[in-house]
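Welcome! Let's take a friendly walk through this structure, one contact at a time.

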Amino acid sequence: MYMLIEQIMNGLQYGALLFLLSAGLTLIFGIMNVVNLAHGSFYMVGAFCAASALATTGSFFLAVLAAIVGAGLYGLVVERLVISRLYQRDHLDQVLATLGLIFFTNALVTLLFGRSPPTVTTPAFLAGSVPILPGLQYPVMRLAFIAVGALVAVGLWLLISRTRVGMLVRAGADDSDMVDALGVNIRRLFMLVFGLGALLCGFAGVMAAPLLAVEIGMGEKVLITTFVVIVVGGIGSVRGALVGSLLVGMTDALGRAYIPIWMSQLLPPEYADSISSSLVSASIYILMAIVLLLKPRGLVPARR
């Protein structure tokens, strides 16, 4: 029972990370119709900015600010100089241009920060563990990650559902040409959405930095999983990004814990390890295949 609860908590923490990454990506793709392979690069920029700020100032709060501002500003620059020229181009051009952005960002971050940034340690107020059940301790940092993911989800829901900006975002997702014809500056709206996506990536980077390795190319490692999330949840839907993130996070965490146990009980030892590792790696893609067979538009597609 304790193992199950711990893996559920791990799944929630991983789902929170995936939501911070996928919420912006699904809005960018759903509203702007841009395939942005460089989305994970903003996650890396945020992590490196946080590591540098923490090493310089020793303040985790300033590290969070540096990550958000750094990733957000870099996202706005990328949108103005590159992405804005791709809105009327086909997806192949977008893929090639944003793939080039990945290589450029990796080289730029290496030039500015070096290949080995300072290690980001867990701040004192988030260090240690707390009991969530008698005899079961869980890291405070991971609990904070789950809480931050929940707060961001609520904040995005309020922004999209209860504000004028959110109304324009929803309208832009349905018919950007009509929104433009009604006098709304659609380019400014696109820039806002893209900057929001980059900012969320930077926030994910600083929150993940104490738990994961900060390294060049770290954004590419989560990019494919992030695309899986938005396919499972539904492209263009923030609610879908939340549902998809939780499902993928739970599938990954529970699969890593229980698939090796099940395989060891069903198969001879010489086959169990290799087959279980393959199934663990493929578990989220199996989930995506099942969802696409049953609901090709995702579990919670954007309203049209």
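Aspartate 252 and arginine 256 both lie in helix 9, which spans residues 238-266. Because they are four residues apart there, about one helical turn separates the two. Their side chains meet in a salt bridge, with 3.0 Å from N to O. Keep in mind that this is a predicted model.

How buried or exposed are the two partners? Aspartate 252 counts as buried, at 14% relative accessibility. Arginine 256, in contrast, counts as exposed, at 53% relative accessibility.

**Salt bridges in the whole structure**

How many salt bridges does a search of the whole structure find? The search finds four. Three of the four are listed here, including the one in helix 9.

| Acidic partner | Basic partner | Closest N to O |
|---|---|---|
| Aspartate 252 | Arginine 256 | 3.0 Å |
| Glutamate 79 | Arginine 80 | 2.8 Å |
| Aspartate 93 | Arginine 89 | 3.1 Å |

The bridge between arginine 80 and glutamate 79 also joins residues with unlike surroundings. Glutamate 79 is buried, with a relative accessible area of 0%. Arginine 80 is partly exposed, and its relative accessibility is 37%.

For the bridge between aspartate 93 and arginine 89, each partner falls in the middle class. Aspartate 93 is partly exposed at a relative accessible area of 25%, and arginine 89 is partly exposed at 45% relative accessibility.

**Another residue of helix 9**

Methionine 250 is also found in helix 9. Which residues is methionine 250 in contact with, leaving aside its neighbours within four places in sequence? They are Ile8, Gly11, Leu12 and Gly255.

To get a feeling for distances, compare methionine 250 with glutamine 265. The two are 15 residues apart in sequence, and their C-alpha atoms are 22 Å apart in space.

**Helix 8 against helix 9**

Two packed helices are described by the angle between their axes and the distance between the axes. Helix 8 covers residues 218-233, and its axis comes within 7 Å of the axis of helix 9. The axes cross at roughly 120°. Why is the pair called oblique? An angle over 115 degrees that is not over 145 lies outside the parallel, perpendicular and antiparallel classes, so helix 8 and helix 9 are oblique to each other. Helix 8 passes helix 9 in a right-handed crossing.

Which residues meet here? From helix 8 come Thr225, Val228, Val229, Val232 and Gly233. From helix 9 come Gly240, Ala241, Gly244, Ser245, Leu247 and Val248. Sorted by class, the contact of helix 8 with helix 9 has six nonpolar, five polar and no charged residues.

**Helix 2 against helix 8**

Helix 8 also packs with helix 2, which runs over residues 39-57. Their axes are 8 Å apart, at an angle of about 135°. Helix 2 is therefore oblique to helix 8. The crossing of helix 2 past helix 8 is right-handed.

In this contact, His39, Gly40, Tyr43, Met44 and Ala47 of helix 2 meet Met218, Gly219, Val222 and Leu223 of helix 8. The classes here are six nonpolar, three polar and no charged residues.

Methods
Residues are numbered from 1 along each chain as its sequence is written. This is a predicted model: local features need pLDDT of at least 70, side-chain atom pairs count only at pLDDT 80 or more; totals for chains, interfaces and linings use all residues. Side-chain values use heavy atoms; hydrogens and water are left out. Buried means under 20% relative accessible area, exposed over 50%, partly exposed in between (1.4 Å probe, protein chains only). Axes are lines fitted to C-alpha atoms, for helices over the stretch in contact, and angles run from 0 to 180 degrees between N-to-C directions. Angles under 35 degrees count as roughly parallel, over 145 as roughly antiparallel, 65 to 115 as roughly perpendicular and the rest as oblique. A crossing is left-handed if the near helix is turned anticlockwise from the far one by less than a right angle, and right-handed if clockwise. Contact means heavy atoms within 4.5 Å. Ala, Val, Leu, Ile, Met, Phe, Trp, Tyr, Cys and Pro count as nonpolar, Asp, Glu, Lys and Arg as charged, and the others, Gly among them, as polar.
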